[in-house]
Amino acid sequence: MDINSITILDNKEKILLFSVEDFYNRIVIGSDCFICGASPVSKKFNNEHIFPDWLLTKYRLHQKGINLTNSAKLQYGRYTVNCCEDCNFNLGKYIENPVSRLLKLSYSEICEAIRADQSNLYLIFKWLLLIFFKTHLKDADLRLNLDHRNGDEKIGDLYAWQDLHHIHCMIRKDYTNAIIDTTTIGSIFIAPAIQHSSIEPFDFADSKDGMTIMIRLDEFSIISALNDSCLTYSLFKDYFSKIKGALTPFQLRDIFTHIVYINMHLKERPKYYSQFLENGEYHIRADVPKVAELIPEEDRKITHGEILYYYCKDMIGSIENKETILNEIKIGKRGYLLNAKGEF
């Protein structure tokens with residue numbers, strides 16, 4: 001029997017693993033707490049900000065709007081998902097508070113903190129998983145079409161939710177006491193970012209299809225492929241090593257789209273699974289291909305240029321030859337990272 005087809009509880013009735021069906025019915029389209037699964041009528045809820053309050057406060061985002069997939073805007077301060085008060089407190093204790101202390105450091109200090117203690121890298125990865133999951137969980141509640149005449153379909157109705165089931169298991173680690181195998185950790189790239197009065201100090205992008213997230217905070221940006229067990233890192237590290245300085249917003253999007261492109265087209269993917277041992281331990285593990293390879297180019301469903309176009313088109317203002325530039329990006333004739341000699 002597939003373990004993901006059943007919901008598993010401990011002897012105190014705590015839900016250790018949601019079946020894919022219960023995950024969808026209770027968490028995705030239901031209103032239960034996305035961590036413990038409690039109903040709003042059984043516990044006090046105060047809900048969870050998708051972007052934590054410390055980040056919203058630092059970058060003065062509470063009243064600003066995030067651009068949604070349906071072209072609408074929603075205030076960051078109202079951008080929340082269903083969460084009970086207890087789980088909200090514990091997310092702050094185990095993830096948000098520790099990661100806020102780490103991410104308030106400078107770029108060089110963060111790199112040193114990771115070199116000194118690899119658990120800091122996992123803390124960042126766990127935080128990115130949480131942001132990504134909450135972002136797409138919210139899509140299950142947001143209209144796809146702003147015009148009500150075009151139906152009541154939600155953005156999340158387009159998703160294959162089983163793809164997010166593994167991430168849901170991972171972000172519940174501190175609630176379930178699951179033991180996370182290091183093979184489940186995805187590729188993480190941390191890059192310096194240019195600071196200037198004309199550049200917003202906060203930026204965010206993610207790709208559901210590419211299971212990749214990017215967050216820029218002042219002088220650095222973190223980009224991660226969340227479901228690749230570092231296979232993307234293996235294929236991209238030599239290219240990434242050519243980066244020799246702080247990056248512009250366009251260059252950060254270029255790196256982000258390279259990682260999305262690679263992760264979308266891996267020839268063999270890791271297989272993630274939950275395992276319960278006889279001693280009661282709950283493990284989350286991965287079977288990882290021995291070799292990182294891409295599928296043949298003719299079988300790839302989208303080009304890097306098309307992805308870069310999607311993530312840069314709204315950043316380009318009213319400039320001369322705008323349509324020509326956008327077309328060059330889309331067909332792969334224009335990028336932002338390397339020159340014709342392959343130099344940064």
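Two strands are said to pair if DSSP finds at least two bridges between them, and that idea underlies much of what follows in this account of a predicted model.

## A sheet of three strands

One sheet in this predicted model is open and has three strands, arranged in the order 7-13-12, with mixed pairing. Its edges are formed by strand 7 (179–180) and strand 12 (271–276), each of which pairs on one side only. Strand 12 is joined to strand 13 (residues 282–287) by six bridges, and these two strands run antiparallel. Within this part of the sheet, Gln275 stands opposite His283, a residue of strand 13.

Which helix packs on the sheet, touching strand 7, strand 12 and strand 13? This is helix 6 (residues 162–171), and the direction of helix 6 makes about 140° with that of strand 13.

## Helix 6 and its meeting with helix 1

Helix 6 also meets helix 1 (residues 20–28): the axes of the two helices come within 10 Å and cross at roughly 85°. Because angles of 65 to 115 degrees count as roughly perpendicular, helix 1 is described as roughly perpendicular to helix 6. On the side of helix 1 the contact involves Val20, Phe23 and Ile27, while on the side of helix 6 it involves Gln162, Leu164, His165 and His168. Sorted by character, the residues of this contact are four nonpolar and three polar, with no charged residue.

His165, which lies in helix 6, can be looked at individually. Is His165 buried or exposed? His165 counts as buried because its relative accessibility is 4%, and buried means under 20% relative accessible area. When residues up to four places away in sequence are not counted, His165 touches Asn4, Leu17, Phe18, Ser19, Val20 and Phe23; two of these residues, Val20 and Phe23, belong to the helix 1 side of the contact just described.

## Strands 8, 10 and 11

Strand 8 (residues 187–192) is mostly covered, with six of its six residues buried. In a regular strand the side chains alternate between the two faces of the sheet. In strand 8, Ser187, Phe189 and Ala191 point one way, whereas Ile188, Ile190 and Pro192 point the other way, and all are buried. Strand 11 (residues 220–225) is joined to strand 8 by six bridges, and the two run antiparallel. Along this pairing, Phe189 stands opposite Ile223 in strand 11, and Ser187 has Ala225 as its bridge partner.

Strand 11 is likewise mostly covered, since six of its six residues are buried, where buried means under 20% relative accessible area. Phe220, Ile222 and Ser224 lie on one side of strand 11, with Ser221, Ile223 and Ala225 on the other, and both faces are covered. Strand 11 also pairs with strand 10 (residues 212–217), again in the antiparallel sense and over six bridges. In this pairing, Ile223 of strand 11 is the bridge partner of Met214. Strand 10 and strand 11 form a hairpin with two residues between them, and in the turn Asp218 has a positive phi of about 55°.

## Cysteines without disulfides

A disulfide is a covalent bond between the sulfur atoms of two cysteines. How many disulfides does a search of the whole structure find? The search finds zero disulfides. Cys33 is in no disulfide, and the nearest cysteine sulfur, that of Cys87, is 3.8 Å away; a disulfide would call for a pair of cysteine sulfur atoms within 2.5 Å. Cys33 is also buried, with a relative accessible area of 0%.

For Cys169, the closest cysteine sulfur is in Cys33, and because the separation is 15 Å, the two sulfurs are too far for a bond. Cys169 is buried as well, with a relative accessible area of 8%.

## Leu338 and its surroundings

Leu338 is found in the segment after helix 11 (322–330). With a relative accessible area of 24%, Leu338 is partly exposed. Leaving aside neighbours within four places in sequence, Leu338 is in contact with Tyr239, Lys242, Glu343 and Phe344. Leu338 and Ile243 are 95 residues apart in sequence, and their C-alpha atoms are 8.6 Å apart in space.

Note on methods: Residues are numbered from 1 along each chain as its sequence is written. This is a predicted model: local features need pLDDT of at least 70, side-chain atom pairs count only at pLDDT 80 or more; totals for chains, interfaces and linings use all residues. Side-chain values use heavy atoms; hydrogens and water are left out. Helices (H or I, at least four residues) and strands (E, at least two) are DSSP runs, numbered from the N terminus. Contact means heavy atoms within 4.5 Å. Axes are lines fitted to C-alpha atoms, for helices over the stretch in contact, and angles run from 0 to 180 degrees between N-to-C directions. Buried means under 20% relative accessible area, exposed over 50%, partly exposed in between (1.4 Å probe, protein chains only). Angles under 35 degrees count as roughly parallel, over 145 as roughly antiparallel, 65 to 115 as roughly perpendicular and the rest as oblique. Ala, Val, Leu, Ile, Met, Phe, Trp, Tyr, Cys and Pro count as nonpolar, Asp, Glu, Lys and Arg as charged, and the others, Gly among them, as polar.
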